[in-house]
Amino acid sequence: MTTFDDHALTAEVLQAFAATPNPRLKYLLQETITTLHDLVRRTGLTFEEWNEAIDFLTRTGQTCTPLRQEFILLSDVLGISMLVDAVNHREREGATETTVLGPFYVGDHRQTPHGSDISKGIDGAPMVVESRVTDLAGKPIAGAEVDVWHADDDGFYDSQKPEYATTGPSLRARFVTDDDGRFSFRTILPCSYPIPTDGPVGDLIRASARHPMRPAHVHFLVKAAGFEPLITHVFLEGDEYLRSDAVFGVKDELVAKVEAQDTPTLPNGERVDGPWHRMTYHFQMKPGSGAVPKPLMAAE
Ligand code: BEZ
Ligand code: FE
């Protein structure tokens, strides 16, 4: 190219990538280049704005640690994570709906006996989760691995706290379903909480006058041989942020009534002072296979 023309530049850049041997990578590169070049032309991007974008992405990378993934958070608040979820799960055929993995799946889940209390030493209203995993016809799936994790009463995940390295996981466990596809555990009632706002994504949220809140939920990742891995949450009915989740992750089918119970004992016979809550949810798995997300701690 001798006489500069911005459209000819795009064509020349595309040509420079034309010999990419992997066809899918070639296609994705071409689409990315075309879309980004169009964006620059359409907006008349200034040098200051370009610099600011580079600085923002640099800070996003610098904020990542083995336990913090600011790029996933950025993808979440831009709705990209839910869009990737949507285009990959168009036909559920009655299977449980999916939602974002989120940045707090650290993959450090210990197999835990049914009925265990995963909230030992943590303040909060008691909640019992009773659940079942089946196929689409309702046949129990025995031996499914179910990772669960959720925030505490102050809205923090264990991995966000400095003591995580020494105390290890809490409000986080793995259950394996029994012959009837069931698993159950005791925990505390989760509350709505803000996504981390002390990094560049928080700056973006403030600059756009958005709120950072997510409605109360428990995360579930269900894996069973012969089925697509299920990444989902169960949200608590009545939460004030169900219609304005900061990461666009709520689907009506994932909202459950979590009712207060006033019997003095939990289903396992344990006595409790005051009311406790019961969450029940039936997970239906779609036949197939699929990649299980790489845990944060295992990222190279
Ligand atoms: C979460 O629910 O853990 C979460 C998901 C997306 C962004 C931030 C937090
Ligand atoms: Fe969460």
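Me: What share of the area that the chain exposes do carbon and sulfur atoms supply?
Reply: The chain exposes about 16100 Å², an area that comes from the Shrake-Rupley method with a 1.4 Å probe, where for residues only the protein chains shown count as cover. This is a predicted model, in which local features need pLDDT of at least 70 and side-chain atom pairs count only at pLDDT 80 or more, while totals for chains, interfaces and linings use all residues. Side-chain values use heavy atoms, without hydrogens and water, residues are numbered from 1 along each chain as its sequence is written, and chains are lettered from A and ligands numbered from 1 in the order in which they are written. Of the exposed area, carbon and sulfur atoms supply 55%.

Me: What percentage of the residues in the chain is buried?
Reply: Buried means under 20% relative accessible area, exposed over 50%, and partly exposed in between, with a 1.4 Å probe and protein chains only. Among the 300 residues of the chain, the buried ones make up 42%.

Me: How far apart are the end C-alpha atoms of helix α2?
Reply: Helices (H or I, at least four residues) and strands (E, at least two) are DSSP runs, numbered from the N terminus. Helix α2 covers residues 23-43, and G44, with a positive phi near 60°, follows it. The expected span is 1.5 Å times one less than the number of residues, so the 21 residues of α2 should span 30 Å, and this agrees with the distance between its end C-alpha atoms, 30 Å.

Me: Which strands are the edges of the open sheet of five strands?
Reply: The order in this sheet is β3-β2-β7-β8-β9, with mixed pairing, where two strands pair if DSSP finds at least two bridges between them. Strand β8 (residues 230-236) pairs with β9 in the parallel sense over two bridges, and F235 has V255 in β9 as its bridge partner. The strands that pair on one side only are β3 (172-176) and β9 (255-256).

Me: Which strand supplies the largest share of the largest nonpolar core?
Reply: A nonpolar core is a set of buried Ala, Val, Leu, Ile, Met, Phe, Trp, Tyr and Cys residues joined through side-chain atoms within 4.5 Å, and the largest one has 31 residues, with V133, V148, F183 and F220 making the most contacts inside it. Several strands each supply at least two residues of this core, including β1 (126-134), β4 (182-188) and β11 (276-284). The largest share, four residues, comes from β8.
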